[in-house]
Amino acid sequence: MSILDSRITRRRFIQSAGGLALAASPFATTHVFAQGAPLRVGLMLPYTGTFASLGNAITNAFKLYVAENGGKLAGRTIEYVVLDDESDPAKAVDNASRLVNRDKVDVLVGTVHSGVQMGMVKVSRESGVLSIIPNAGAGAATGPLCAPNIFRTSFTNWQTIHALGKVMVERGHKTAAWISWKYAAGEEMFGGFKEGYEKAGGKIVKELWLPFPNVEFQALLTEIAAARPSATACFFAGGGAVKFVKDYDAAGLKAKIPLFGNGFLTDGTLQAQGAAAQGVYTTLHYADSLDLERDREFRLNYAKTYKLQPDVYAVQGYDAAQLLHIGLKAVKGDVKATKAMIAAMEGVTIDSPRGKWKMSRSHNPIQDSYLRQVVGEQNKYVSVAWKALEDPARGCRMA
Ligand code: PHB
């Protein structure tokens, strides 16, 4: 299987950056650092279910960065141990433990779903394995449960939606309905939205929830119509976002009660959403038309390699590989020199396709939140909705 082929044919398997399927490496079971020995990266991500496209985008872009560097980071060939976490929190601790204890990964990269992330954080804290979160926004991971060995290249849930309330009020929408999946990410995003919206003078007149990953929206759409808010704000992503945007439009709501959200609503989904998504405004730390050389180069290479347009998830996966590279370079590939590696990754500035961002003290990006609007198959950049937005990281005490 090619290194750039992210299709999962078995639930778990080992891949080397050279494309060879390997048996367990002898280097993985000893802690002796041998220059040139493969470095094992555990990719724990969703490859099935509503977030499958998110896991694939992260995997693609992580591998793209490694491939751009000749398949090696700081002299170490990268070997992947890939695991489908199915966005199932109940399996998270077992899955992450297996990667660390049985597969002896040197670095854990994952995941997408905040509930699964909490299980991974537990394993990371207990084992001390270096961990990079390429999506899941669970506040605790860089808040009360922050740790020296846990880094994030994506966002906190709060960060993705903090600016949205101000944007909506500025556009004259002083009352809103909220709708999302009822799980950690949806709840934290609701908290972030409510805080920003109420501060800007908005009022939430209806709260609607459904269990993750349900997509039976009809009854709830009827409730939105009956509540007659000025606008709707929401969090959905992946397959669920495709269906929600289409159902919202088909119910005749879009023209009467404009739809807003954080940008997951329309990122990586526009081809499938088509006309239903046109004109929708969202906030996020990436957009499709940023005037940045780094972004142009990334988008070109990604499109050439995968015959697909990249999205925010791809950017976060790419930056996870960039961050790992910075750490490894500082220790000449000796991933066991954990302290020196962590020191190099702290306070770093990442030259990202989203624009340069700085790692906060709690190990989370400090980044601009962009206002975007859907035009055709692009989330077009409109303006910077919030400059250098930093999560407050309440409760984070780095040991
Ligand atoms: C999350 O569960 O943290 C999550 C999932 C999908 C997204 C964003 C956040 O697009």
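Colleague: Which atom of V112 lies 3.4 Å from an oxygen atom of the ligand?

Modeller: A polar contact is a pair of N or O atoms within 3.5 Å. In this predicted model, the atom of V112 is a backbone N or O, at 3.4 Å from a ligand oxygen. G137 likewise offers a polar backbone atom, which is 3.0 Å from an oxygen atom of the ligand. With Y183, a polar atom of the side chain lies 2.6 Å from a ligand oxygen.

Colleague: What percentage of the accessible area of the ligand does the protein cover?

Modeller: The ligand on its own has 280 Å² of accessible area, and the protein covers 100% of that area. The space taken by the ligand is the second largest cavity.

Colleague: Which residues come nearest to the ligand, and how do the residues of its shell divide by character?

Modeller: There are 17 residues around the ligand, and V112, S114, G137, Y183 and Y313 come nearest. By character, the shell comprises 12 nonpolar and five polar residues, with no charged residue.

Colleague: How is the chain divided into domains?

Modeller: Domain 1 is made up of 3-155 + 292-367, and domain 2 spans 158-284. Their centres, taken over C-alpha atoms, are separated by 30 Å.

Colleague: How many residues of each domain are in contact with the other domain?

Modeller: Contact here means heavy atoms within 4.5 Å. On the side of domain 1 there are 19 such residues, and they meet 17 residues of domain 2.

Colleague: Why is the ligand said to lie between domain 1 and domain 2?

Modeller: The ligand lies between them because domain 1 and domain 2 both give residues to the shell around it.

Note on methods. Residues are numbered from 1 along each chain as its sequence is written. This is a predicted model: local features need pLDDT of at least 70, side-chain atom pairs count only at pLDDT 80 or more; totals for chains, interfaces and linings use all residues. Side-chain values use heavy atoms; hydrogens and water are left out. A residue is near a molecule or strand if one of its heavy atoms lies within 4 Å of it. A polar contact is a pair of N or O atoms within 3.5 Å; within protein, one must be able to donate a hydrogen and the other to accept it, and residues adjacent in sequence count only if both atoms are side-chain atoms. Accessible areas come from the Shrake-Rupley method with a 1.4 Å probe; for residues, only the protein chains shown count as cover. On a 1 Å grid over the protein atoms alone, a cavity is a set of points where a 1.4 Å probe fits but cannot get out, and a pocket is an open set with protein on both sides within 12 Å along at least five of seven lines; lining residues have an atom within 4 Å of a point. A molecule sits in a cavity or pocket if more than half of its atoms lie within 2 Å of its grid points. Ala, Val, Leu, Ile, Met, Phe, Trp, Tyr, Cys and Pro count as nonpolar, Asp, Glu, Lys and Arg as charged, and the others, Gly among them, as polar. Domain bounds come from an automatic or database domain assignment.
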